[in-house]
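Me: I have a structure open and would like to learn how to read its helices and strands. Could you take me through it?

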Amino acid sequence: MKVQFTETVLRDANQSLIATRLPYKEFEGILETMDRAGYYSLECWGGATFDSCLRYLDEDPWERLRKIREKCPNTKLQMLLRGQNLLGYKHYPDDVVRKFVQKSVQNGIDIIRIFDALNDVRNIEVAVDETLKNGAIASGAISYTKSPIHNLEAYVKLAKEMESLGCQTICIKDMAGIMGPQEAYDTVKALKENVKVPIVLHTHSTTGLGMLTLQKAVEAGCDVIDTAISSFSGGTSQVPTETMAYALKQEGYDVALDMDVLREINDFFKPIKAKYLENGQLNPVVLSTDTDALNYQVPGGMLSNLVAQLTAQNKMDKFEEVLAETPRVRKDLGYPPLVTPMSQMVGVQATTNVLLGERYKNISKEVKAYIRGEYGRAPGEIDKDLQKKVLGDEAPMTCRFADTLEPGFEKAKKEIGALAKSDEDVLSYIAFPAQAEAFLKEREEKKHNTFSYAITKVE
Ligand code: CO
């Protein structure tokens with residue numbers, strides 16, 4: 001049986017270990033080698049890479065993509081997209097989503113992995129449709145979580161819906177690394193029995209379950225697994241590519257990866273890792289195993305947020321109480337997956353409930369918007385009393401939030417004006433207005449400087 005690999009070093013590993021601070025020039029020298037490794041795909045764009053390029057790295061994200069494409073003509077390039085939220089957390093109108101997908105494909109993307117934090121398929125529909133129209137591969141991603149309503153039946157139903165939208169692969173996306181090996185086996189097996197398209201598993205090493213989870217997923221027939229080259233693997237990142245390839249080959253699986261090429265890639269990234277460890281951008285803590293998420297059933301990132309919040313208010317003595325309140329708030333909200341931004345919303349509400357000594361005395365505007373239905377459909381039922389408290393007699397929104405939005409591309413194009421030289425620039429501006437505007441302004445100034453320099457030289 002064949003098992004294929006998606007390499008995450010350029011996106012998720014980069015994002016999870018060093019806050020997406022890897023500049024293009026740092027990995028340019030290994031791209032042609034990576035193109036020969038035999039990966040199913042290179043996850044290299046989307047997620048936080050776009051924001052980071054504009055905000056910290058003084059790079060045009062679109063140009064980065066085009067350069068990677070040029071150096072890797074043979075490997076599929078993959079990006080992560082948050083459905084109707086694109087790369088952020090607010091909902092964009094459909095014309096913007098379509099334009100973003102279209103330009104992503106035109107600039108070099110082959111596979112778009114599309115997910116919604118609430119698993120509301122209406123929020124991925126438009127992005128999937130546009131991906132297919134542009135001839136790229138749409139991978140529908142299920143935000144994996146645990147709750148009484150998130151059972152095999154629910155995941156199978158979701159996968160079938162994604163398949164009927166036209167998704168060519170289904171990814172189980174365990175963002176918090178909380179999926180155990182038996183759960184992976186059962187979920188993959190159920191999906192393989194009920195959908196025809198290939199199944200992909202994405203997990204993290206955070207809790208130490210990663211390799212066992214991938215192993216059992218493969219035994220259940222998982223077609224593609226996400227891994228990171230070993231020097232950028234482990235902890236909050238993915239499991240090591242070479243280790244999984246070595247083990248699966250030994251077990252008789254058909255693995256197309258070239259081990260010598262993988263060694264070259266790893267040798268390239270080793271000194272980069274050493275440099276980031278030394279300059280402090282890579283904190284050794286994120287490389288270690290943290291089983292707290294298993295004990296408390298909340299993701300590691302959410303736990304550290306809770307600790308930070310309570311420490312700031314000098315209320316760490318309430319930690320156990322807040323931990324007990326967290327699943328109750330989650331239940332009241334209809335069991336949303338604890339991923340950004342829901343993890344923060346649930347955490348803050350649980351903290352408020354405990355610190356004020358009265359449940360829902362204060363309700364954040366985000367939680368109110370969620371209850372109104374502005375984030376999408378809640379996975380389960382929202383507590384009736386809480387709903388009434390927020391909505392009164394008003395009914396929750398039944399349509400997609402994006403249906404209430406005016407088209408946005410042309411308006412943004414006018415707004416940013418001459419600073420934007422292309423539709424790609426306009427999309428950067430729509431996605432991250434302040435960062436993109438600053439970036440485009442600086443680019444303009446640099447151009448003028450070069451120009452005056454040229455004149456000086458002639459004189
Ligand atoms: Co991830």
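Reply: Happy to; we will go from one helix to a set of paired strands. This is a predicted model, where local features need pLDDT of at least 70, side-chain atom pairs count only at pLDDT 80 or more, and totals for chains, interfaces and linings use all residues. Residues are numbered from 1 along each chain as its sequence is written, and side-chain values use heavy atoms, with hydrogens and water left out.

Me: Why is helix H1 described as largely enclosed by the rest of the structure?

Reply: Helices (H or I, at least four residues) and strands (E, at least two) are DSSP runs, numbered from the N terminus. Buried means under 20% relative accessible area, exposed over 50%, and partly exposed in between (1.4 Å probe, protein chains only). H1 covers residues 9–18, and 9 of these 10 are buried, so the rest of the structure largely encloses it. Among the buried ones are Arg 11, Asp 12 and Asn 14. Just after H1, Ala 19 has a positive phi of about 50°.

Me: Which strands pair with E5?

Reply: Two strands pair if DSSP finds at least two bridges between them. E5 pairs in the parallel sense with E4 (residues 111–115) over 5 bridges, and 5 bridges also join E5 to E6 (residues 169–173), again parallel. Ser 139 stands opposite Thr 169 in E6.

Me: And how does the chain get from E5 to E6?

Reply: It crosses through helix H8 (residues 152–165), in a right-handed β-α-β crossover. Right-handed means that, with the strands pointing away from the viewer, the path from the first strand over the helix to the second runs clockwise.
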